[in-house]
Amino acid sequence: MESIWEKNARLPEFEPLRGDIHADVLIIGGGLAGLLCAYELTQAGVNCVLAEAGRICGNVTKNTTAKLTVQHGLIYHKLLKEFGRERTRAYLDANLEALDRLRTICQDIPCDFEEQSNYVYALDSRKELDQEMTALDKLSCPAELVTETPLPFPVAGAVRFDHQAQFHPLKFAAAIAEGLQIYEHTRVLEAKTGEAVTEHGAIKADHIVVATHFPFLSKFGCYWLKLYQSRSYVLALEGGPNMNGMYVDQSGKGLSFRNYGSLLLLGGGGHRTGKKGGGWFELEDFARRHYPDARPVCRWAAQDCMTLDGAPYIGLYSPRLPRLYAVTGFNKWGMTSSMAAASLITDLILGRDSRYQQVFSPSRSIFYPQLAANAGETTLNLLTPTRPRCPHMGCALKYDPQEHSWDCPCHGSRFAEDGRLLDGPATGDLLHDRAK
C-alpha cells in the first residue's frame with residue numbers, strides 16, 4: 001500500500017543521533033507539523049533539532065489528500081455556538097494566515113501547488129448549509145451557496161470557498177526539510193521539561209515540542225481521553241473526471257474528491273480506528289457504479305486525531321510541564337492546521353503574544369458529549385477479556401481484515417500481524433503477545 005505521493009517524490013535522508021546534544025528547541029516527530037515547526041523556528045533564528053523515530057513524513061503526512069483550505073467541514077456555525085464570535089474569528093484568521101503563509105512558501109518550491117475552490121456538500125438537507133452561510137456572514141467570511149456540482153449524484157447544495165489550494169505534500173516536505181537539523185531513526189523514549197532520552201543519546205533543550213500525531217506522554221494532559229483516532233481510505237483512479245475543485249461531504253462520513261494531474265483521488269469509507277467501516281470496498285463499489293471506465297492505480301489509508309470540540313490542541317502540553325508543548329488533533333485538516341500550529345508554537349517559544357493561544361489551548365474545556373463516548377470506549381475495551389492487548393494502556397485490540405492489522409478502538413494504536421507498531425500512541429511493538 002503506497003500513496004501516489006510516495007511514487008513520485010524523494011525525501012532527503014538523515015543520520016540517527018549519536019551521543020548527547022543540546023539545542024534551544026527539540027521537535028519530536030517528523031511529519032508535516034513537526035517539519036513546519038522546525039522550519040518556522042529556524043527561519044526565526046532559533047537553534048532547533050528534530051528527532052523522528054523512523055523516516056520523516058513516513059506515516060500520516062504521506063497518506064493525506066493534501067487539501068489546503070480553511071473550510072474544515074461545516075464547522076463555523078458550531079464553533080460560534082461553542083466558542084462565541086471572538087474565538088471563532090480567531091480560529092478562522094489563524095487558518096487564513098496559515099493558508100497565506102503556505103502560499104508564500106510554495107512560490108519558491110516545485111510542489112504542484114494550485115489554487116482550487118473547496119466545496120462542502122450536503123446530500124439531503126440544506127439546513128446545515130443555511131446555518132453555515134449565516135455563520136460565515138456573521139464572521140464576514142466570503143462564501144457562496146451553490147446547488148449545481150459535477151458530483152455523480154444529486155446534492156441539496158454545497159458551500160463554496162474560493163482561493164483555496166492543493167499541492168504535493170512530500171515534494172513540499174522534502175524542500176523545507178533541506179537545511180534543517182534532523183535525526184531520523186531516533187526514537188524518543190522519555191521526555192520531560194528540558195530533556196528527552198532517545199535510543200542513541202540524550203537531547204537537552206530549553207523547549208520541547210511533541211508533534212507525534214497522538215501525544216505519547218500518557219501521564220499528562222489526558223490526551224487519551226480528549227482524543228480518538230479515525231481511519232479513512234483513498235483510491236487514485238486513472239480515467240476519472242476532472243472535478244474542477246475539491247469536494248467533501250458535510251457529515252464527515254461520505255466521500256471526498258480532488259484531482260491530481262490525470263488522477264481522481266476518491267476518499268471515504270471512514271470509521272473510528274478499531275471499528276468496522278466501508279474502507280476500500282466502499283470506494284471500489286462506488287467507482288464501479290459511477291466511473292466504470294476508470295482504473296484504480298493506487299490505494300492507501302490515513303489516520304486522523306479527532307478532538308472533543310473540533311479545534312486542534314496546540315500549546316502547553318500540560319500546565320504541569322512548562323516549556324513542553326503539544327501539537328495534535330487536526331480533525332482531518334492537517335495541512336493548514338500544521339502551518340497554524342507552527343506559527344503559534346513559534347510565537348509561544350519566542351514569548352510573543354498571540355490571539356490564537358486561547359482557542360487552541362490544550363487546557364480548554366473538555367465537557368463535550370464526545371468525552372463520554374471516549375471514556376465509554378476505553379472502559380469497554382479495558383474490560384474486554386480478549387487478547388492481544390495494546391501496550392499503550394491495555395485495551396483489547398480488534399483485527400481489521402481489510403488492512404490485516406490489529407487496531408485499538410480506545411486510542412488508535414495499530415500493529416501489523418507480526419506485532420510491528422504501525423501507529424501510536426503506543427511506542428513499541430507487540431512483543432510476546434503476538435496474535436498471528
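**Helix contact, salt bridges, backbone exceptions and a covered strand**

Trainee: In this predicted model, at what angle do the axes of helix α2 (residues 32-43) and helix α6 (residues 169-177) cross, given that they come within 10 Å?

Mentor: The axes of α2 and α6 come within 10 Å of each other, and the crossing they make is left-handed. As for the angle between the two axes, the value is roughly 35 degrees.

Trainee: How many nonpolar, polar and charged residues does the contact of α2 with α6 have?

Mentor: On the α2 side the contact is made by Leu 32, Leu 35, Leu 36 and Tyr 39, while α6 brings Phe 172, Ala 173, Ile 176 and Ala 177. Tyrosine counts as nonpolar in the classes used here, as do leucine, phenylalanine, alanine and isoleucine. The contact therefore has no polar residues, no charged residues and, as the remaining class, eight nonpolar ones.

Trainee: Helix α6 also carries Lys 171; which residue meets the side chain of Lys 171 in a salt bridge?

Mentor: A search of the whole structure finds 26 salt bridges, and the pair that includes Lys 171 has an N to O distance of 3.1 Å. This pair links distant parts of the chain, 59 residues apart, with the partner located in the loop between α4 (85-106) and β4 (114-122). Lys 171 is partly exposed, with a relative accessible area of 25%, and the partner is likewise partly exposed at 32%. The residue that meets Lys 171 is Asp 112.

Trainee: How far apart are the closest N and O atoms in the salt bridge of Asp 130 with Arg 126?

Mentor: Asp 130 has a relative accessibility of 35% and counts as partly exposed, and Arg 126, at 37%, falls into the partly exposed class too. Side chains of opposite charge can pair when their charged atoms come close. For Asp 130 and Arg 126 the closest N and O atoms are apart by 3.3 Å.

Trainee: Are Asp 423 and Arg 414 buried or exposed, and which residues does their network join?

Mentor: The side chains of Asp 423 and Arg 414 meet in a salt bridge with an N to O distance of 2.7 Å. Because the limit for a buried residue is under 20% relative accessible area, Asp 423 at 4% is buried, and Arg 414 at 5% is buried as well. Salt bridges that share partners join into one network the residues Arg 231, Glu 403, Asp 407, Arg 414 and Asp 423.

Trainee: What is omega for the cis peptide bonds from Arg 387 to Pro 388 and from Gly 424 to Pro 425?

Mentor: Most peptide bonds are trans, which is the reason to look at these two with care. Pro 388 has its place in the loop between α11 (369-383) and β18 (398-400), whereas Pro 425 lies in the segment after β21 (421-423). The bond from Arg 387 to Pro 388 has omega near 5 degrees, and the bond from Gly 424 to Pro 425 has omega near 25 degrees.

Trainee: Which residue other than glycine has a positive phi in the loop between β18 and β19 (405-407)?

Mentor: Most residues other than glycine have a negative phi. The residue in question is partly exposed, with a relative accessible area of 45%, and its phi is about 55 degrees. The residue found in that loop is His 404.

Trainee: How many of the five residues of strand β13 (residues 256-260) are buried?

Mentor: Ser 256, Arg 258 and Tyr 260 point one way from β13, Phe 257 and Asn 259 point the other way, and all are buried. The strand is thus described as mostly covered, and the count of buried residues is five of five.

Trainee: Which residue of strand β14 (residues 263-272) stands opposite Arg 258?

Mentor: Strand β12 (residues 246-249) is joined to β13 by two bridges in an antiparallel arrangement, with Phe 257 as the bridge partner of Tyr 247. β13 and β14 also pair in the antiparallel sense, over five bridges, and in their hairpin, which has two residues between the strands, Gly 261 takes a positive phi near 60 degrees. Opposite Arg 258, in β14, stands Leu 265.

Key:
Residues are numbered from 1 along each chain as its sequence is written. This is a predicted model: local features need pLDDT of at least 70, side-chain atom pairs count only at pLDDT 80 or more; totals for chains, interfaces and linings use all residues. Side-chain values use heavy atoms; hydrogens and water are left out. Axes are lines fitted to C-alpha atoms, for helices over the stretch in contact, and angles run from 0 to 180 degrees between N-to-C directions. Helices (H or I, at least four residues) and strands (E, at least two) are DSSP runs, numbered from the N terminus. A crossing is left-handed if the near helix is turned anticlockwise from the far one by less than a right angle, and right-handed if clockwise. Contact means heavy atoms within 4.5 Å. A salt bridge is a side-chain nitrogen of Lys or Arg within 4 Å of a carboxyl oxygen of Asp or Glu. Buried means under 20% relative accessible area, exposed over 50%, partly exposed in between (1.4 Å probe, protein chains only). Two strands pair if DSSP finds at least two bridges between them.
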